[in-house]
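Take the chain below and walk through it strand by strand. Then look at its disulfide and at its enclosed space.

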Amino acid sequence: NYTAANASPFTTGTTVVAEFQVSAGNANVADATSQRVLLTVTQDFSNHNGGDIHFGPDGYLYIGMGDGGSGNDPCNRSQTLDPGSLVPPGACGSGASLNDSLALLGKMLRIDVDNTTPPGSNQLCAADPDGSAEYAIPNDNPFLGSDPDNACDEVWSYGLRNPFRFSFDRQTGDMLIGDVGQNVWEEVDFEPFDTMGGLNYGWDPCEGNNATGTTNPCT
C-alpha cells in the first residue's frame, strides 16, 4: 500500500494497493518491474491515508482506509456507503475528481487477491470502467450484492478516521484497530473473530464514546 507521487498514470496522492513478486536472486527484495495493481482509491486531501494492510486468518486481504483528510471529515466519507450519495469533492474543499472509489474512504476493506472479477455490472467501487477488477469479493462480505444501501462490495466495516495501524491476534483471530484521533481522543477498536462485518465505528459523530460536536448525533 503506497501513496502515489509523480507515478504515472496515478494522480499524486492516490492510494495504490499492489502486488509485487520477489526478485529472482533475493527473496527479501521485491522485483520493481513485477507490479500488479489491485486497486486504487482517490484521496480528497494529503492526510489520513491509512496505509496498513494485513492478511486475516481467513486468508483475505484487509485494507485500512483513512477518511480522505482535512478535519472533521468534511466530505462525510466515513459514513457514506452508497457512492451515489457522495459529496462532490469541490464542495468540501478538495480538488479530487468525483468517482466511486471515494466511497471506500474511512472504511476497512476486505478483498480476495487470489481471484479476479470479470467485466460486467457489479457494486465494486474500485473496479475498472468495464467492471473488471484484479481482485474478487469474498462471498460473506457484509455489503455484497443487492444491498439496499448500494454500498461498495469491498467494504468490511466503516466509520473510521485514520486506521493507521491494525493487527490480528495470532491466537484468537480477533482484530484490533488503532484509529488515530483528531485532537484529544484516540480510539482502539476491538472486533471479535466471529464478527460478520458491517460494523460502524462511529466517526465522525464519535471518537470512542465521545461526541465530537459535529452536526451529526453520536449514537
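What follows moves from strand pairing to the disulfide and then to the cavity. The model is predicted, and local features are described where pLDDT is at least 70.

Start at the N terminus. Strand β1 covers residues 2-3 and pairs with β2. The pairing is antiparallel and rests on 2 bridges. One contact to look up is T3, whose bridge partner in β2 is T15. Strand β2 itself spans residues 15-19. How many of its 5 residues are buried? The count is 4, so β2 is largely enclosed by the rest of the structure. Buried here means under 20% relative accessible area.

Strand β2 also pairs with β3, residues 36-41. These two run antiparallel, joined by 5 bridges. Within this pairing, V16 stands opposite T40 of β3. So that the register is easy to check, β2 can be read from both partners: T15 bridges to T3, and V16 faces T40.

Move on to β4 and β5. Strand β4 takes residues 53-55 and pairs with β5 in the antiparallel sense, over 3 bridges. I53 has I63 of β5 as its bridge partner. The two strands form a hairpin, with 5 residues between them. In that turn sits G59, with a positive phi of about 90°.

Strand β5 runs over residues 61-64. In a regular strand, side chains alternate between the two faces of the sheet. Which residues of β5 point one way, and which the other? L61 and I63 point one way, while Y62 and G64 point the other way. All of these are buried. Strand β5 has a further partner in β6, again antiparallel, over 4 bridges. There L61 has I111 as its bridge partner. I63, on the face shared with L61, is the residue that bridges back to I53.

Now the disulfide. A disulfide is a covalent bond between the sulfur atoms of two cysteines. The count for this model is 1 disulfide. It joins C125 to C152, with S to S at 2.1 Å. The angle about the S-S bond is -85°, and the link is left-handed. What does this pair tie together? Both C125 and C152 lie in the loop between β6 (107-111) and β7 (155-158), so the bond ties together parts that are 27 residues apart in sequence. Both cysteines are buried.

Further along the chain comes an open sheet. It has 3 strands in the order β8-β9-β10, with antiparallel pairing. Its edge strands are β8 (165-168) and β10 (187-191), and each pairs on one side only. From one strand to the next, the twist averages 15°. Strand β9, residues 175-179, is joined to β10 by 5 bridges. Among the contacts here, L176 has F190 of β10 as its bridge partner.

Last, the empty space. Rolling a probe the size of a water molecule over the atoms shows where such space is left. The count comes to 1 cavity of 30 Å³ or more. Its volume is about 30 Å³. Which residues line the cavity? They are R161, D179, V180, G181, E187, W203, C206 and E207. By class, the lining divides into 3 nonpolar, 1 polar and 4 charged residues. Two of the strands seen above contribute: D179 lines the cavity and ends β9, while E187 lines the cavity and begins β10.

Key. Residues numbered from 1 in each chain as written. Predicted model: local features only at pLDDT ≥ 70, side-chain atom pairs only at ≥ 80, totals over all residues. Heavy atoms only, no water. 1 Å grid on protein atoms, 1.4 Å probe; cavity = no way out; pocket = protein on both sides within 12 Å on 5 of 7 lines; lining within 4 Å. Points joined across faces, edges and corners; volume = space filled by probe spheres on them. Nonpolar A, V, L, I, M, F, W, Y, C, P; charged D, E, K, R; others polar. Disulfide = S-S within 2.5 Å. Buried < 20%, exposed > 50% of the residue type's maximum accessible area, 1.4 Å probe, protein only. Pairing = 2+ DSSP bridges. Axes fitted to C-alpha atoms, helices over the stretch in contact; angles between N-to-C directions.
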